[in-house]
Amino acid sequence: MTVKEARKILSEIDTITELEREAINFILTELNGTRNLPDEKWRDIEGYEGLYQVSNMGRIKSFHKDEPRILAPGKSGKGYLQISLSKNAVRNRVKIHILVARAFIPNPENKPIVHHKFGNKQDRQSSQSTSVCNSQRES
């Protein structure tokens with residue numbers, strides 16, 4: 001059963017109290033994973049406005065279905081966390097730290113590379129990345 005199906009069934013039940021209904025909705029929201037983390041902020045992903053959002057914590061939210069949902073990332077061959085985004089039946093795989101940087105890290109000099117400050121390729125938080133040019137990259 002999906003969260004959407006459970007909410008539909010819940011809306012049709014009239015023998016539970018409002019407090020019970022609120023508790024069940026809270027549990028369904030928790031199961032759906034869409035509650036914000038502390039200090040989490042969301043922004044539309046450029047080119048996918050209204051379809052996807054990225055958070056400063058590196059989570060990706062999809063609005064393709066009736067209920068928004070948090071997407072589970074995969075790993076690229078080089079160990080970076082990535083996600084598949086689709087629009088108009090075209091799928092595009094993107095590294096999550098790049099989406100986070102584009103949305104949350106000012107880059108007035110248009111530096112082309114997003115660098116993980118501590119070398120952890122799976123850290124996708126905006127506070128752990130910076131934009132650099134090729135000559136500033138650490139090996």
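## A starting point: Ser 55

Let us begin with one residue: Ser 55 touches Glu 40, Lys 41, Trp 42, Val 100 and Phe 104, leaving aside residues up to four places away in sequence, where contact means heavy atoms within 4.5 Å. Ser 55 belongs to strand β2, residues 52–55. Helices (H or I, at least four residues) and strands (E, at least two) are DSSP runs, numbered from the N terminus. With 0% relative accessibility, Ser 55 counts as buried; buried means under 20% relative accessible area, exposed over 50%, and partly exposed in between (1.4 Å probe, protein chains only).

This is a predicted model, in which local features need pLDDT of at least 70 and side-chain atom pairs count only at pLDDT 80 or more, while totals for chains, interfaces and linings use all residues. Residues are numbered from 1 along each chain as its sequence is written, and side-chain values use heavy atoms, with hydrogens and water left out.

## The four-stranded sheet

Strand β2 is part of an open sheet of four strands in the order β1-β2-β3-β4, with antiparallel pairing; two strands pair if DSSP finds at least two bridges between them. At the edges stand β1 and β4 (69–70), each with a single partner strand, so one side of each has no neighbour in the sheet. Strand β3 (residues 60–62) pairs with β2 in the antiparallel sense over three bridges, and Gln 53 stands opposite Lys 61 in β3. Helix α3 packs on this sheet, touching β1, β2 and β3, and its direction makes about 85° with that of β2. For such angles, axes are lines fitted to C-alpha atoms, for helices over the stretch in contact, and the angles run from 0 to 180 degrees between N-to-C directions.

Val 54 is another residue of β2, and is buried, with a relative accessible area of 1%. Among the residues that Val 54 touches are Trp 42, Ile 45, Ile 60, Leu 99, Val 100 and Phe 104. Val 54 and Phe 104 are 50 residues apart along the chain, yet their C-alpha atoms are separated by 9.3 Å.

## The three-stranded sheet

A second arrangement to look for is an open sheet of three strands in the order β5-β6-β7, with antiparallel pairing. Here β5 (74–75) and β7 (90–95) are the edge strands, each with a single partner, so one side of each is left without a neighbour in the sheet. Strand β6 (residues 81–87) pairs with β7 in the antiparallel sense over six bridges. In β7, Val 94 is the bridge partner of Ile 83, and Val 90 stands opposite Lys 87.

β6 and β7 form a hairpin with two residues between them, and Asn 88 in the turn has a positive phi of about 55°. Ala 89 also lies in the loop between β6 and β7. Its phi is positive, about 65°, although Ala 89 is not a glycine. With a relative accessible area of 84%, Ala 89 is exposed.

## Helix α3 and the core

Which strands does α3 lie across? Helix α3 (residues 96–104) lies across β6 and β7, running at about 85° to β7. Seven of its nine residues are buried, so α3 is largely enclosed by the rest of the structure. The buried ones are Ile 96, His 97, Leu 99, Val 100, Ala 101, Ala 103 and Phe 104.

A nonpolar core is a set of buried Ala, Val, Leu, Ile, Met, Phe, Trp, Tyr and Cys residues joined through side-chain atoms within 4.5 Å. The largest one has 15 residues, of which Ile 45, Tyr 52, Val 54, Ile 60, Ile 83, Leu 85 and Leu 99 touch the most other members. The elements giving two or more residues to this core are β2, β6 and α3, and the largest share, five residues, comes from α3.

## Rings and a charge

Rings of Phe, Tyr and Trp (its six-membered ring) pair if their centres lie within 6.5 Å; planes under 30 degrees apart count as stacked, over 60 as edge-to-face and the rest as tilted. By this rule there is one aromatic pair. Tyr 48 and Tyr 52 form that edge-to-face pair, 5.8 Å centre to centre with 75° between the planes, and both are buried.

Trp 42 has a charged companion: the charged end of Lys 61 sits over its ring, 4.3 Å from the centre. A charge sits over a ring if NZ of Lys or CZ of Arg is within 6 Å of the ring centre and within 35 degrees of the ring normal.
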